[in-house]
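Here are my notes on this one, jotted down while going through the model. Have a look at the structure first, then see whether the points below match your own reading.

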Amino acid sequence: MTKQEAKDSFISLEMQGWLRLIDLLYDAIPENIEITEIFEKYANFEVRYKGEENKKFERFVQILKRISSKMCEKCGKLASHTIINNWEQTLCKEHFEEAILGKQMGEYYPEIYPDL
Ligand SMILES: [Zn+2]
């Protein structure tokens, strides 16, 4: 997976706040290691890779994961783990409030537009 493919997938999921983590990750990739997958799991940044064992790189990946647990996935500001309608996200105060408002609107729209 290239850096741009990783970024495109996070942009399509509206998780631009973690693009900096992708930059840091790709700047640190040792020779003989290839990134196979980057995704969000339980509101944390997750990385899968293949290649030679490298403890230093593995520790670095763990650090990025820990940073992501305090970094808004939408904007990169200081954030907390949140759960809205059983959906886990890492959001700053502003994006948490926006998400709450979005969910309320979502419940309302089907009544206005029954075909949606
Ligand atoms: Zn935010």
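**Notes on the predicted model**

1. Let me start with the C-terminal strand pair, bearing in mind that this is a predicted model. Strand 3 covers residues 80–84 and strand 4 covers residues 87–91; the two run antiparallel to each other, with 5 bridges between them.

2. If you want a specific pair to check in that ladder, take threonine 82: its bridge partner in strand 4 is glutamine 89.

3. The link between these two strands is short on residues: strand 3 and strand 4 make a hairpin with 2 residues between them. One to look at in the turn is asparagine 85, whose phi is positive, at about 50°.

4. Stepping back to the whole chain, I get 4 helices and 4 strands for the protein. Reading from the N terminus, the order is α-α-β-β-α-β-β-α.

5. On packing, the protein has 116 residues, and 21% of them come out as buried. As for contacts with a separation of 6 or more, 35% are between residues 24 or more positions apart.

6. Now a single residue, aspartate 27, which sits in helix 2 (residues 19–28). Is aspartate 27 buried or exposed? It counts as exposed, because it has 8 C-beta neighbours inside 10 Å, and the cut-off for exposed is 12 or fewer.

7. Last one, also about aspartate 27: its C-alpha atom lies 9.7 Å from that of lysine 3, and the two residues are 24 apart along the chain.

Notes
Residues are numbered from 1 along each chain as its sequence is written. This is a predicted model: local features need pLDDT of at least 70, side-chain atom pairs count only at pLDDT 80 or more; totals for chains, interfaces and linings use all residues. A residue is buried if 20 or more other C-beta atoms lie within 10 Å of its own, exposed if 12 or fewer, and partly exposed in between; C-beta atoms are placed from the backbone. Two residues are in contact if their C-beta atoms, placed from the backbone, lie within 7 Å. Two strands pair if DSSP finds at least two bridges between them.
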